[in-house]
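Okay, thanks everyone, I'll keep this short. Let me put the model up, and then we'll go from the overall fold down to the ligand site.

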Amino acid sequence: MNFAKRFKSISDPTVSDLLKLTESPGIISFAGGTPSADALPYALIKKILPELEIDLQYTPTQGIKSLRERLAKIYSDKWNSKITPDQILITSGSQQALDLIAKVFINKGDKVFVENLTYFVALYAFNAYEPKYQSISAEKISGEEKLSGKLIYLVSNFQNPTGKTISEIQRRNIANAVIAKDLILIEDDPYGELFFSDCPPKPIALLAPENTIYLTSVSKIMGPALRLGIAISTPETIQALTRAKTGMDLCTSGLLQQLAGKILIEPKYQDHLIRIRKFYAGKCGAMLSALKKHMPDSVSWTKPEGGLFIWMELPDKIDTAVLYKKALTKGAAFVPGYIFSPTGKLNNCLRLSFASPTLAEINTGIATLANLIKSNL
Ligand SMILES: Cc1ncc(COP(=O)(O)O)c(C=O)c1O
């Protein structure tokens, strides 16, 4: 077919083929980025659905007003700072917000800073607009950093893929750096509600409100099927993103906006959040124990305080793209590290998700991986 030139560089089809294999029957998969089915609010949604006043119309492109008002109140209280409904855009998942931002802000050749380990599907949204990427380490940006470019993309809490959270001091440095160079910061935060004990620090959005587009999503807490993302920024930026969204899908599903709005005001929703934080803390603890028990000394890993992921570093000589294929034959799966690297490096790393396997599967699967790694040393 006579596809547009940009299509070639949009995404890497080998990655989706690789991820499909992790879902084969009989595999203990630590690969998925999806929430556990046991941590989604099925009972709550079943209760709410019959009570929903069904409206089958289009909604305003920016999102249902009452939902934006509710969210403005929730974020004003949570951040102890005034957020107004005109600062909020409802998107079809935060993935759509990433595409809208790229559409509105990126000219061909604009410099976009991304972490040297990043959520690679964000790049799939940016690629069509042909930016030039430059890798940065969020942990190392200093307040005086000369970050000349257009955009910077960071995941501030329990990052995908590393599980790391940007410290409070580092958030200040990043805010100072983006303000100094008038950069646009995309602060992507789909995992912030999944903290195990302490709530993560306040978002960078509060330290550099004029420069930041804060994104969050209900995917990991209510379910990806709701396809509901929330963008918070200045009214001017929100208006521009809304204009771009009109040409993309006119509006996010009104039914799903109504449903999410109802869930937010259910008293039991807070209990649900408390339950799933405990649930994932237990899963993460089980994986950390299994890693400690089974892995050889030459392997290290992150110890996240929330989210769904652990990042592992193996000795240099092990290529995780090769290890991945061997692991599948032994019945375990992970995501090889190179997939998250904009430069395609970090071949000795891998991402593990503790979300979906049972506690027993976590132990068995980690023991399988450990044996495989030992036999490759
Ligand atoms: C860092 C990050 N941003 C955005 C998304 C997309 O989320 P949504 O389901 O809201 O489109 C994901 C999904 O895994 C993610 O990990």
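So, in secondary structure the chain comes to twelve helices and 13 strands. The radius of gyration is 21 Å, and the globule rule gives 21 Å for 377 residues, so the chain is as compact as a globular protein of that length. If you prefer a box, the C-alpha atoms fill roughly 60 × 50 × 50 Å along the principal axes. And please keep in mind that this is a predicted model.

Now the ligand. Where does the ligand sit? The space it takes up is the largest pocket. There are 14 residues around it, and the ones that come nearest are Ser-94, Asp-188, Tyr-191, Ser-217 and Ser-219. By type, that shell divides into five nonpolar, six polar and three charged residues.

Which elements give two or more residues to the shell? That would be helix H4, residues 93–105, and strand E5, residues 151–155. H4 gives the most, with three residues.

Let's go through some polar contacts, each to an oxygen atom of the ligand. Ser-217 has a side-chain N or O atom 2.6 Å from a ligand oxygen. For Asn-160, a polar side-chain atom lies 2.9 Å from an oxygen of the ligand. Arg-227 also puts a polar side-chain atom 2.9 Å from a ligand oxygen. As for burial, the ligand on its own has 390 Å² of accessible area, and the protein covers 92% of that.

Two of those contact residues deserve another look, for their backbone this time. A bit of background: most residues other than glycine have a negative phi, and most peptide bonds are trans.

Take Asn-160 to start with. The peptide bond joining Asn-160 and Pro-161 is cis, with omega at about 25°. Pro-161 has its place in the loop between E5 and helix H6, which runs 168–180. So if you're clicking along, Asn-160 is the residue with that polar side-chain atom 2.9 Å from a ligand oxygen, and it is joined to Pro-161 by the cis bond.

Then Arg-227. What is the sign of phi there, positive or negative? It's positive, near 40°, and this is a residue other than glycine. Arg-227 lies in the loop between strand E7, residues 212–217, and strand E8, residues 229–232.

That's what I wanted to show; happy to rotate the model if anyone wants another view.

Note on methods: Residues are numbered from 1 along each chain as its sequence is written. This is a predicted model: local features need pLDDT of at least 70, side-chain atom pairs count only at pLDDT 80 or more; totals for chains, interfaces and linings use all residues. Side-chain values use heavy atoms; hydrogens and water are left out. A residue is near a molecule or strand if one of its heavy atoms lies within 4 Å of it. A polar contact is a pair of N or O atoms within 3.5 Å; within protein, one must be able to donate a hydrogen and the other to accept it, and residues adjacent in sequence count only if both atoms are side-chain atoms. Accessible areas come from the Shrake-Rupley method with a 1.4 Å probe; for residues, only the protein chains shown count as cover. On a 1 Å grid over the protein atoms alone, a cavity is a set of points where a 1.4 Å probe fits but cannot get out, and a pocket is an open set with protein on both sides within 12 Å along at least five of seven lines; lining residues have an atom within 4 Å of a point. A molecule sits in a cavity or pocket if more than half of its atoms lie within 2 Å of its grid points. Helices (H or I, at least four residues) and strands (E, at least two) are DSSP runs, numbered from the N terminus. Ala, Val, Leu, Ile, Met, Phe, Trp, Tyr, Cys and Pro count as nonpolar, Asp, Glu, Lys and Arg as charged, and the others, Gly among them, as polar. The radius of gyration is taken over C-alpha atoms; the globule rule is 2.2 Å times the number of residues to the power 0.38.
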